[in-house]
Structure formats: C-alpha cells, structure tokens
Amino acid sequence: MSCCGTTPAFDEIDEVSRLVSGKLAAFLRTLRDNGFAVGLAEGQDAASLMTSGYAAKPGLLRSAFKHLFSARRSDWERFDGIFDAFWLGKRVRSRSFALGSAKSANNPSLKSIQDGTQQSGTQSATDQVPSAADAPASRGGEGRMEGASRAENLAEVDFRKLADPEQIAQAHAAAAQLAKIMRTRLTRRDLAHRRGRRLDLRRTIHHNISHGGVPISLVKRQRKDKPLRLIVLLDASGSMSLYTSVFLRFIHGVLDAFREADAFLFHTRLAHVSDAMKEKDAARALDRLSLLAQGAGGGTKIGESLQTFNRWHAARVIHSRSAVIIVSDGYETGDAELLGREMAALAKRCRRIVWLNPMAGWEGYAPEARGIKAALPHVDLYAPANTLKSLSALEPYLARL
Amino acid sequence: MKNREEIAEALAKSGYIADGELATAISLMQRLRRPLLLEGEAGVGKTEVAKALAAVHATELIRLQCYEGLDQSSALYEWNYQRQLLAIQAHRGDADSIEDQIFSEKYLLERPLLAAIRRDEPPVLLIDEIDRADDEFEAFLLELLSDFQVSIPELGTIKAISIPHVVLTSNSTRELSDALRRRCLYHYVDYPDVEREARIIMARIDGASASLSLQIARMVESIRKEELRKVPGVAETLDWAAALVGLDVRDLHDAREIVHETLMCLVKTQEDKVRVTREVAERILGKVA
C-alpha cells in the first residue's frame, strides 16, 4: 500500500483505509484463532477485494471472503457464523469458538490428561486468543524429559501405577518418542527392497549412450509402495480412564510422526480426533480432546462406534496398506453380536487389526468379557499394552506389514 | 473480465444451474488469479463446473484426471522415446547434430499441464480428483500453480504464454495438504435444494415438464434423507429423470410400478436396495405432492 499523502483527499482515503485495514487485520486474527489457515497472501488479497467493490454489500463480501479463507468443509460451514459475528455483530461466536478450554476441568475420565497443566479457567469465558499468554507458562510445569535412563525404569511400570505428575510426564514423553522412532524405522524398511517392473525409458537411454543408443542394459522402475497407514481407535470410557492419557499422548506422537495416520476416540459414540490431535503442542491437543470425549462414563458401545466408523469413515481413511489399532478393554455394554459383525466387516477392509488391551498384561487376566470374546476371532494381533515396553514391542510387528 | 452478474448469466446459458455463490467464486478466480478447489460428494457436479466455466469463457477445456501413481511424465511432458531411438539409429555416427535434433520440440510429447500453459488463449485446466494423486504430485503441482513455468532440463525453461483458469476437484478420499488448500479458493459443492435440482433436471433432460421435475427432485431429496450407504448425486437424479421421461411418465403417482422398477438408477448398492423397500418408497412417494 502506498503512503505518499501529498494531497488532502488522499490523506482522507488513507485514513479510511487505515481503519478498514485495522478491522480486517482483527478479522484475520479471529479467523486464525478459529483454526483457519490464513497467510499473508490471503490478507493482501482480502484487502484488494475490499478496495475493488466487493465491500459494497455484506452478502457479497461474505461470499467472497468465504471462498478466499476457507480451506476445507468444516471451515466452509463455520465461516458465515464467524463473519456475521465479527462484521455484523450477531451472537454466534460462542459456538464457533468452543474449541478452547471451556469444559475440560469437570470431565471425569479425562481429568488425568491434564496432569498439572491446568489452564487458568477464568480467562476462557471472555474472547479469542487462548494461546500466547497462558500457554507457555503452563507448559513449563510439565517439564522436559531429562535423559533416557529414567525413562528406561519406567518401561515396565504399568501405566495405572504411575502416580506422581513427574513420572506421568516422563511416560508421556517416552510414548511420544516411541511413536517417532516407530515412524523412522517403519519407513526405512519400506524402502529397503524394491525391484523394477516397468521400463524406465528415460534412464535406459541415458545409461546406454555409450552403446550408441542401443538399449542393452535396461533400467526399470516400480511404483512406489504406499506407506503404511495407521488408524487408531481409542476407547475413552470410564473403565479405561487410567490408561487413556498415556495412549492419547502416544497417538499424538503417531499422528505427528506418521505421514498417514488417523485417530478416533470412542465411548458411547465415535469422534474423529485427528484434527484436534494435529495441534503441535501436546498439552493443548489433549485439552481440545477433552471436549470431544464428553459423555464418557455412560458405558462403552464398541459395536455401535465401529458401525459408525465402518459406515462413515472407513472408505476415506482405510486403504490397502492400513493397519487398524483398537485400544480397548473390551467391556462392551451394548450389543456384543453387533460388535462381532462390525469387526468382521472391518477385517475385510484393512490389512491387519491389532487389538491392544491394557488389562491383558495383568496377572491372571483372561479375555472373558462378552465384547472381547466376540471380537477376538477377527483380530490379527491381540497384545497387552499396559507398559511402554509392550507398546514398543508392536513396532517390529507393524514393520512387517 | 466479466463481473458477477454476467458470469451468473453465462453459466445459466451454458446449462449449468449454479447456486449464487459460485458466480462469486468465478469472479474471484479472475481477479485474484487463484485456482478454485471444489469439494463435495461424488456426483454433485464438480466436474460440470469446469465444463461450464470453459463455456463461460468460450475457451478450451484441458483435463487432467488424477490417479494413484500419476507422475510428471504423464502429467507434464515426456520425450517421445520410440522416435528418439529410431532417429538415433537412422543418423548413426553424427553425434552432435543428432543430440540437438532429438531433444527438440518435435520429439516432445505435450501432456495436459504443459499444454495448458502453452495455449494462446487461456484455457480452463481441470485437475480432476486431485485427492487420488500422491502427495509428491500435489507438491509438484503446487509449484507449477504458483510459478506457471516448467523447466525441461534438455530444452530450458518454458514460461506460460497464458495463465489458465485452474479448477481442482476432490472427493476427499485423502486429506489434501494445507499448502495446496491455502493456495486455492475453496468452494463446497453441496447437494442442490429441491427447487434448483428441479431446474437442473429441466435444463438437462429434454421433455421433462416442470411438475415432473419438481416431483423427481422432491422424491430424490427424501431418499437422500434415508440412511443410505451411497447417497444419490445429481448425476443419478438426471439418470433417473431420463429413464422416467424415456418411459413416458408424466406423473410419479400414476406410474408407481415404473417408479419402483427404475429406482435402481438411484440406489446402487445391495445394502441400500434392502433399505429402500417397496414400503419405504411408497411412503416417500406419498409425501411427494
């Protein structure tokens, strides 16, 4: 924007445009706080739109901004509300901005997730900017992982026996680390063996220049293998509450490190949590999740949740090289037969189903619960997962897929 | 450059009944020179938007169908290796001149992306089902869409003669990268409402009367509300309408038997077929005035 105010008329325009651009900047901030990915280029484009007649009617401007700023369907559907709230002063904001920290504290099962990183509950009632001010301070309390040796000790401790916050923080960090290590190793093994199938003519000609262009030694290539995709379904019901926090942390690490991964949370219903989990800061990601986990404590409907998954999500998230990991104790309060049916349907779709049962690591535990009995015939690997060690034992298995 | 009203009018003339916001999107495309990303369920007419756009601008439509494993050589350019080999054989021993010769335009095969930037008149470039292509290709595409130039090592850099109007479509079988999303304008194509769907039927199917079109649109809308595995899109509606018109149906209530028999145009999986029983269809038909 030019700033050469020689004529008075120009000054006035400048003044107006300063006001407008100030307001626009505030709007962009609001959008960012609502999870829109808005960059500088979009801001400039928006400014140029406002100066070129699109601002004449609110409806037109809204529609134009909607196309410009939305990047996905969820944005698309929320945009009108945010726009109206900001520019026209209608009260919609509370709903669209609910992702913050509002209700988390009084949620029983996910309380443990918070582990000492209590957000100051007072400020959430007001308005935007949940981030900058309070986050770093609370993150400080969580503490960094210091050295590997102490995590080593933790490797065989059952998660439910972790008591003091420091230990929990360490277990979380170790779980995140573990996910990262699994990633690098899995991908390297991916690349190890590859032999060509199709002829690569470009390289063949290049290689055979010394033979005068006669293709003697052939160069071949093969289509790249699809990377393994992990889909994690985590039981967040009351009976699992001692384990959810560590697994959430593990899933957060998996989503961060794997290029292809998806995560779902279920108790009485199913929630897709990949987006919430993609938050870089783990504590904040878990915070966002506590909202999604509402309703915990009312039993576990694994069958119904799987049905929802098969129906609405499976086609999108599962491809031919997918492994589904279900983390649950298998206490089904709904219809166990339905669970069996849905497991069968799921088994047809994906390459492997891994069922992690934290209780399987307990002494004297046998899979007697109705749910787990119905599900087991369709499970490829049934493993305990109550310690970090048992989690890391998964990696060689997944690497073979 | 056309303004919004002219675009809406031109769209209607080309046979595409757009919702109000699409015209805005298209005018923004011109103004901001950004690609348009269309998302929506299968069969809601995403690809048709590109065709209509080509009609609006009275220009050529170049289509790149994405699939898994799509790479540069089938999207951008490829040397004609067979001809090159032949030329090498034919001009044996004349190394210098043959090299210049086989890496010239004559041996270059233009693929859709290269073709799109080398037209005198800006064409409409439709990149269909981008979600089916690999991540790597998406990244490559991003680069092309921001610079509009291509470098071919043997030939040098080819700059765009004209900047094409780019439309990308996605069925969201895979999550697209944030970078690509941010680069594009976004438009979500939803199922049309009853009135618009009726207008679409009338525009596309010869011989569909206003009352029949409305009945069909209402019926389809109710069927969409049933919990189906595969929800019928506009394409299915049009198929069904064509079938009904072809069978000389004037009013759905007078031709219940035909309605049942032709429902296969809409309901396409065994599971859904079981769900939409005769009774369900009757009930829906009863509600359609």
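Here is a short chat about a sheet and a pair of packed helices in this predicted model.

Reader: What makes helix 2 of chain A and helix 2 of chain B roughly perpendicular to each other?
Author: They pack at an angle of about 110 degrees, with their axes 11 Å apart. Angles of 65 to 115 degrees count as roughly perpendicular, so these two helices get that label.

Reader: Which residues meet there, helix 2 of chain A against helix 2 of chain B?
Author: From chain A you've got Asp45(A), Ser48(A) and Leu49(A), and they meet Leu28(B), Arg31(B) and Leu32(B). By class, that contact has three nonpolar, one polar and two charged residues.

Reader: Why is Ser48(A) not in the nonpolar or charged class?
Author: Ser is on neither the nonpolar list nor the charged one, and the others count as polar, so Ser48(A) lands in polar.

Reader: OK, the sheet. What makes strand 5 and strand 8 of chain A the edge strands?
Author: The six strands of this open sheet run in the order 5-4-3-6-7-8, with mixed pairing. Strand 5 (270–272) and strand 8 (381–384) each pair on one side only. The twist averages 20 degrees from one strand to the next.

Reader: How do you know that strand 7 of chain A pairs with strand 8 of chain A?
Author: Pairing takes at least two bridges, and four join these parallel strands, so they pair. Trp355(A), for one, has Tyr382(A) in strand 8 as its bridge partner.

Reader: And what packs on the sheet, touching strand 6 and strand 7 of chain A?
Author: Helix 15 (residues 336–349) of chain A does, and its direction makes about 130 degrees with that of strand 7.

Definitions and conventions. Residues are numbered from 1 along each chain as its sequence is written. Chains are lettered from A and ligands numbered from 1 in the order in which they are written. This is a predicted model: local features need pLDDT of at least 70, side-chain atom pairs count only at pLDDT 80 or more; totals for chains, interfaces and linings use all residues. Side-chain values use heavy atoms; hydrogens and water are left out. Axes are lines fitted to C-alpha atoms, for helices over the stretch in contact, and angles run from 0 to 180 degrees between N-to-C directions. Contact means heavy atoms within 4.5 Å. Angles under 35 degrees count as roughly parallel, over 145 as roughly antiparallel, 65 to 115 as roughly perpendicular and the rest as oblique.
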